[in-house]
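Biologist: Got a minute to walk me through this model? I'd like to start with the packing.

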Amino acid sequence: MIVKKMHAMGVRSEHAYMAAMASVGLSVVAWMGSLRMEAGTGLARADRWGIFIGEWAPTFFGLGLALSHYEQHDGTLTADVHEFRQTQKAS
């Protein structure tokens, strides 16, 4: 039900996958930023910031998979694995 509503709002699996990858990068940036900007608070605090943001990635990947599955059944998936295989065989 949530996936159907998200799809109706225009959210696609590619958006969720991009958010997941951005979350991984943001996790590293938050860890380094906390380590440098909050001098004296220690490595543990920087680790907590990095882990907090890094925990978003699996959620976004899961949403991406759910949206992709919905798009396959709905017929709105923009690309298909079979198309890629046919293109590779033709090359």
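Biologist: What do the buried residues of helix 2 pack against?

Modeller: They pack against helix 3 and helix 4. Keep in mind that this is a predicted model.

Biologist: Which residues of helix 2 are buried?

Modeller: Ser13, Ala16, Ala20, Ser23, Ser27, Ala30, Gly33 and Ser34.

Biologist: Why would buried positions in a helix come three or four places apart?

Modeller: An α-helix has 3.6 residues a turn, so residues three or four places apart point the same way.

Biologist: How many residues does helix 2 have, and how far does it reach?

Modeller: Helix 2 covers residues 13-37, which is 25 residues. From first C-alpha to last, helix 2 reaches 35 Å. That is close to the 36 Å expected at 1.5 Å a residue.

Biologist: Pick one buried serine. What does Ser23 touch?

Modeller: Ser23, in helix 2, touches Ile53, Gly54, Trp56, Ala57 and Phe60. That list does not count residues up to four places away in sequence.

Biologist: Buried or exposed, Ser23?

Modeller: Buried, because its relative accessible area is 3%, and the cut-off for buried is under 20%.

Biologist: Now helices 3 and 4. At what angle do they pack?

Modeller: About 5°, with the axes 5 Å apart. Helix 3 is residues 43-54 and helix 4 is residues 56-74. That angle makes helix 3 roughly parallel to helix 4.

Biologist: Which residues make the contact?

Modeller: On helix 3, Phe52, Ile53 and Gly54. On helix 4, Trp56, Ala57 and Pro58.

Biologist: How many of those are nonpolar, polar or charged?

Modeller: Five are nonpolar, one is polar and none is charged.

Biologist: Staying with helix 3, what is Trp49 in contact with?

Modeller: Trp49 lies in helix 3. Trp49 is in contact with Ala30, Ser34 and Glu38, leaving aside neighbours within four places in sequence. Ala30 and Ser34 are among the buried residues of helix 2.

Biologist: Trp49 itself, buried or exposed?

Modeller: Neither. Trp49 is partly exposed, at a relative accessible area of 39%.

Biologist: How are Trp49 and Gly33 separated?

Modeller: They are 16 residues apart along the chain, and their C-alpha atoms are separated by 9.4 Å.

Biologist: Over to helix 4. Where does Ala66 sit relative to Ser13?

Modeller: Ala66 lies in helix 4. Ala66 and Ser13 are 53 residues apart in sequence but 7.8 Å apart in space, C-alpha to C-alpha. Ala66 counts as partly exposed, at 30% relative accessibility.

Biologist: Let's switch to the N-terminal end. Where is His7?

Modeller: In helix 1, residues 2-8. His7 is buried, with a relative accessible area of 8%.

Biologist: What is His7 in contact with?

Modeller: Arg12, Leu67, Tyr70, Glu71, Asp74 and Thr76, leaving aside neighbours within four places in sequence. His7 and Ser68 are 61 residues apart along the chain, and their C-alpha atoms are separated by 9.9 Å.

Biologist: What about the whole protein? How many helices and strands?

Modeller: Five helices and zero strands. The order from the N terminus is α-α-α-α-α.

Biologist: What share of contacts joins residues at least 24 apart?

Modeller: 72%, among contacts between residues at least 6 apart in sequence.

Biologist: And the surface and the buried share?

Modeller: The accessible surface comes to about 6,700 Å², and 66% of that belongs to carbon and sulfur atoms. Buried residues make up 20% of the 91 residues.

How values were computed
Residues are numbered from 1 along each chain as its sequence is written. This is a predicted model: local features need pLDDT of at least 70, side-chain atom pairs count only at pLDDT 80 or more; totals for chains, interfaces and linings use all residues. Side-chain values use heavy atoms; hydrogens and water are left out. Helices (H or I, at least four residues) and strands (E, at least two) are DSSP runs, numbered from the N terminus. Buried means under 20% relative accessible area, exposed over 50%, partly exposed in between (1.4 Å probe, protein chains only). Contact means heavy atoms within 4.5 Å. Accessible areas come from the Shrake-Rupley method with a 1.4 Å probe; for residues, only the protein chains shown count as cover. Axes are lines fitted to C-alpha atoms, for helices over the stretch in contact, and angles run from 0 to 180 degrees between N-to-C directions. Angles under 35 degrees count as roughly parallel, over 145 as roughly antiparallel, 65 to 115 as roughly perpendicular and the rest as oblique. Ala, Val, Leu, Ile, Met, Phe, Trp, Tyr, Cys and Pro count as nonpolar, Asp, Glu, Lys and Arg as charged, and the others, Gly among them, as polar. The expected span of a helix is 1.5 Å times one less than its number of residues.
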